[in-house]
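I open this notebook to record what I looked up, entry by entry, with the sequence and the model side by side.

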Amino acid sequence: MKIVSCQNIPAMQSLVSEQFSEFSAPVAITQQDIDAFAALSGDHYWLHTDPDRCRRESPFGTTIAHGLLIQAIQSRFTLPLDYQIEGYVSLRNYGCDKTRFVKPVPVGSELCMRARIAKVDTHNQGTLVTFDMHMHIKGDASPCFIQQLLTLYCF
């Protein structure tokens with residue numbers, strides 16, 4: 001495994017790649033997850049929370065996960081990366097760009113994540129890394145969710 005200090009900008013920039021990591025282990029989306037997110041967010045739209053109505057009326061035949069739930073569960077994934085970033089005191093979610101909910105995620109789907117470093121910039125508080133994040137329904141070659149996640153490594 002390659003160990004890189006976030007304070008070494010040329011070394012960090014060497015991690016920028018067109019190649020994605022391998023996929024993470026799968027994470028299943030349950031109706032319980034969807035219902036808990038609906039309770040927390042206040043979004044009780046029937047496409048997410050009413051399995052009986054979805055069987056009758058939905059083009060998907062079942063409930064689907066909220067897009068923002070899919071975005072929120074990114075932290076559940078452990079990515080199999082071939083590098084480790086060190087040399088920071090803390091890291092922060094600095095934001096996200098180009099978020100797209102490409103495909104609906106039916107309840108019961110198993111999701112996998114992969115990533116690559118798209119960009120490394122200096123920042124007045126540390127090093128800002130842009131990760132391209134792609135989430136797939138297990139076995140599907142194209143992503144259901146894509147996002148550029150900006151992470152600030154503070155030192």
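**Entry 1: Ala-118.** I am working from a predicted model, and I began by asking which residues Ala-118 touches once those up to four places away in sequence are not counted. I found Val-16, Thr-130, Asp-132 and Gln-148. Ala-118 has its place in strand β5, and with a relative accessible area of 28% it is partly exposed. I also looked up Val-89, which is 29 residues from Ala-118 in sequence and 23 Å from it in space, C-alpha to C-alpha.

**Entry 2: the sheet.** I next asked in what order the strands of the open sheet are arranged. The order is β2-β5-β6-β7-β4, five strands in antiparallel pairing. The edge strands are β2, residues 27-28, and β4, residues 90-101, and each of these pairs on one side only. Looking at the β2 edge, I noted that two bridges join β2 to β5, residues 110-123, and that Ala-28 stands opposite Glu-110 there.

**Entry 3: Leu-150.** I then moved to strand β7, where Leu-150 has its place, and asked whether Leu-150 is buried or exposed. At 11% relative accessibility, Leu-150 counts as buried, since the cut-off for buried is under 20%. Leaving aside its neighbours within four places in sequence, I found Leu-150 in contact with a set of residues that includes Arg-92, Tyr-94, Cys-96, Leu-128 and Thr-130. Asp-35 is 115 residues away from Leu-150 in sequence and 29 Å away in space, C-alpha to C-alpha.

**Entry 4: β1 and β3.** I looked up a pairing that runs parallel, and found that four bridges join strand β1, residues 2-5, to β3. In this pairing Ile-3 stands opposite Gln-84. In a regular strand the side chains alternate between the two faces of the sheet. I saw that β3 has a covered face with Tyr-83 and Ile-85, and an uncovered face with Gln-84 and Glu-86.

**Entry 5: the nonpolar core.** In soluble globular proteins, nonpolar side chains tend to be buried together. Here the largest nonpolar core has 30 residues, and those that touch the most other members are Met-12, Ile-29, Ile-70, Leu-111, Phe-131 and Met-135. The elements giving two or more residues to this core are α2, α5, β3, β5, β6 and β7. I followed Phe-131 further and, not counting residues up to four places away in sequence, found that it touches residues including Tyr-83, Ile-117, Leu-149 and Tyr-153.

**Entry 6: helix α2.** Which residues of α2 are buried? They are Gln-31, Asp-33, Ile-34, Phe-37 and Ala-38. Seen down the axis of α2, these buried residues fall within an arc of 160 degrees, so they line one face of the helix. The face turned away from that buried side carries the exposed residues Gln-32, Ala-39 and Leu-40. Among the elements that cover the buried residues of α2 are β2, α3, α4 and α5. Just after α2, I noted that Gly-42 takes a positive phi of about 85 degrees.

**Entry 7: cysteines.** How many disulfides does the structure hold? I found zero. The sulfur of Cys-112 is 9.6 Å from the closest cysteine sulfur, in Cys-144, which is too far for a bond. Likewise, the sulfur of Cys-154 is 8.6 Å from the closest cysteine sulfur, in Cys-6, and this too is too far for a bond. Cys-112 is buried at 7% relative accessibility, and Cys-154 is buried with a relative accessible area of 9%.

**Entry 8: aromatic pairs.** A search of the whole structure finds three aromatic pairs, and I looked into two of them. Tyr-45 and Trp-46 form a tilted pair, 5.9 Å centre to centre, with 55 degrees between the planes. Tyr-45 is partly exposed, with a relative accessible area of 44%, whereas Trp-46 is buried at 17%. The rings of Phe-101 and Phe-145 have their centres 5.5 Å apart and their planes at 35 degrees, so this pair is tilted. Phe-101 lies in strand β4 and Phe-145 in strand β7, so the pair ties together parts that are 44 residues apart in sequence. Phe-101 counts as partly exposed at 41% relative accessibility, and Phe-145 counts as buried at 0%.

Technical notes: Residues numbered from 1 in each chain as written. Predicted model: local features only at pLDDT ≥ 70, side-chain atom pairs only at ≥ 80, totals over all residues. Heavy atoms only, no water. Pairing = 2+ DSSP bridges. Core = buried A, V, L, I, M, F, W, Y, C linked by side-chain atoms within 4.5 Å. Buried < 20%, exposed > 50% of the residue type's maximum accessible area, 1.4 Å probe, protein only. Contact = heavy atoms within 4.5 Å. Arc of directions from axis to C-beta. Disulfide = S-S within 2.5 Å. Phe/Tyr/Trp six-rings, centres within 6.5 Å; stacked < 30°, edge-to-face > 60°.
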